[in-house]
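Biologist: Please choose one part of this model and examine it closely, setting out what surrounds it and how its residues are placed. A single connected account would be most useful.

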Amino acid sequence: MSQPKPYRVSHLDALEAESIFVMREVMAEFERPVLLFSGGKDSIVMLRLAEKAFTPARVPFPVMHIDTGHNFPEVLDYRDSRVATLGLNLVVASVQEAIDTGLVRELPDGTRNRIQTPVLLAAVEKYRFDALFGGARRDEEKARAKERMFSFRDDFGQWDPKNQRPELWALYNGKHHPGESIRVFPLSNWTELDVWHYIAREKIPLPSIYYAHDREVVERDGMFYAVNEFIRLRDGETSSVRRVRYRTVGDASQTAAVLSEADTVEKVIDEVAATRITERGATRGDDKVSEAAMEDRKREGYF
């Protein structure tokens with residue numbers, strides 16, 4: 001008699017199962033969850049996991065985009081197309097609208113990443129969201145590594161790394177009082193390489209800027225920024241057309257590209273496997289303000 005083959009679960013299957021379990025747990029514990037959707041690869045994977053978690057039903061919560069007004073057009077086009085295809089309820093919280101109404105004041109340098117936070121917190125209060133799915137991973141930035149899967153936020157939306165709940169044996173404590181909320185990170189145990197392997201396996205479409213293409217850029221502080229309405233050449237600077245791709249999607253005024261020939265998902269996987277610097281460290285100018293830049297923003301209520 002032949003021996004039965006041992007049952008094996010692949011690394012990606014295990015990560016997927018954990019993330020789906022977390023999403024279903026949130027639906028069981030919370031009344032008004034929402035998925036933060038930027039059009040970036042992590043939020044796109046998170047949306048795919050939500051599809052799988054609740055199929056054949058539609059995704060049972062809205063998606064929310066904090067729109068700074070400094071977006072890459074390819075990302076907005078992707079967002080609108082994906083929302084339409086899946087029949088999602090899209091909530092857009094506009095930074096420009098917040099500036100116009102006086103909720104926030106535009107910074108002297110014209111960047112808007114930092115002033116997203118009051119806009120996010122105002123939207124959470126307006127729609128009474130009590131759980132917010134975020135696509136953060138522990139490998140992308142040092143402050144992210146301090147997050148639990150369920151990250152407690154007080155009634156001011158602020159994060160205190162010393163005031164978090166233990167998560168033993170995959171037991172998650174979602175208890176909260178009115179006004180408090182939980183940020184939920186289903187991709188906590190994923191890496192950038194895991195995300196790309198999953199994109200390849202699931203054949204998930206992405207905004208075209210994630211793949212190598214020719215773009216006019218200017219080199220600034222060791223990074224390549226696209227020349228556009230938000231990035232203008234300074235005195236003494238010159239631009240050039242380079243073959244680049246984006247490893248992460250953020251504001252066009254703060255997110256740089258990397259030199260690359262990776263124009264397919266397989267080539268991107270090979271490239272990511274060989275790199276030794278995280279995507280935020282390589283491409284996000286807002287994280288270079290200080291060593292604690294991300295943690296400072298998170299304490300204020302950032303994603």
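Modeller: In this predicted model, V34 finds its bridge partner in β4, namely L132. The pair belongs to a junction between strand β1 (residues 33-36) and strand β4 (residues 131-133), which run parallel and are joined by three bridges. Helix α1 (residues 11-29) packs on the sheet here, where it touches β1, β4, β5 and β6 (181-184). The direction of α1 makes about 40° with that of β5. A second helix, α3, also packs on the sheet, touching β2 and β3, and its direction makes about 150° with that of β3.

The arrangement of the whole sheet places these contacts. Six strands form an open sheet, ordered β3-β2-β1-β4-β6-β5, with mixed pairing. Its edge strands are β3 and β5 (150-153), each of which pairs on one side only. On average, neighbouring strands of this sheet are turned by 30° against each other when direction is ignored.

Towards the β3 edge, β2 and β3 pair in the parallel sense over five bridges. One residue pair can be named there: M64 has V91 of β3 as its bridge partner. That residue, V91, lies with A93 on the covered face of β3, whereas L90, V92 and S94 make up the uncovered face.

Which residues of α1 are buried? They are L12, L15, E16, S19, I20, V22, M23 and V26. These residues cover an arc of only 155° around the axis, and therefore lie on the same side of α1. Their packing partners are β1, α2, β4, β5, β6 and α6 (192-202). The length of α1 agrees with expectation, because its 19 residues should span 27 Å at 1.5 Å a residue and its end C-alpha atoms are 27 Å apart.

The other helix on the sheet, α3 (residues 73-86), has 14 residues and reaches 20 Å from its first C-alpha to its last, close to the 20 Å expected at 1.5 Å a residue. Its buried residues are V75, Y78, R79, R82, V83 and L86. Seen down the axis of α3, the buried residues fall within an arc of 125°, so they line one face of the helix. They pack against α2 (41-54), β2 (63-67) and β3 (90-94). On the other side of α3, P73, D77, A84 and T85 are exposed. The residue that follows α3 is G87, which has a positive phi near 65°.

Charged residues of both helices take part in a wider set of contacts. Side chains of opposite charge can pair when their charged atoms come close. A network of salt bridges links D13, E16, R48, E51, K52, R82, R201 and E202. Two members of the network have already appeared among buried residues: E16 in α1 and R82 in α3.

The structure holds 19 salt bridges, and several can be described individually. D139 pairs with R137, with the closest N and O atoms 2.9 Å apart. R137 counts as buried because its relative accessibility is 1%, whereas D139, at 30%, counts as partly exposed.

Elsewhere, strand β9 (residues 240-245) supplies a residue to a pair that links distant parts of the chain. R243 forms a salt bridge with D263, and here the closest N and O atoms are 3.9 Å apart. R243 lies in β9 and D263 in the loop between β10 (258-259) and α7 (265-274), 20 residues apart. Both partners are partly exposed: R243 has a relative accessible area of 29%, and D263 has one of 34%.

A further salt bridge joins the side chains of R245 and E271, at 2.7 Å from N to O. Because R245 lies in strand β9 and E271 in helix α7, this pair ties together parts that are 26 residues apart in sequence. R245 is buried, with a relative accessible area of 0%, while E271 counts as partly exposed at 26%.

Methods
Residues numbered from 1 in each chain as written. Predicted model: local features only at pLDDT ≥ 70, side-chain atom pairs only at ≥ 80, totals over all residues. Heavy atoms only, no water. Helix = DSSP H or I, 4+ residues; strand = E, 2+ residues; numbered from the N terminus. Expected span 1.5 Å × (residues − 1). Buried < 20%, exposed > 50% of the residue type's maximum accessible area, 1.4 Å probe, protein only. Arc of directions from axis to C-beta. Contact = heavy atoms within 4.5 Å. Pairing = 2+ DSSP bridges. Axes fitted to C-alpha atoms, helices over the stretch in contact; angles between N-to-C directions. Salt bridge = Lys/Arg side-chain N within 4 Å of Asp/Glu carboxyl O.
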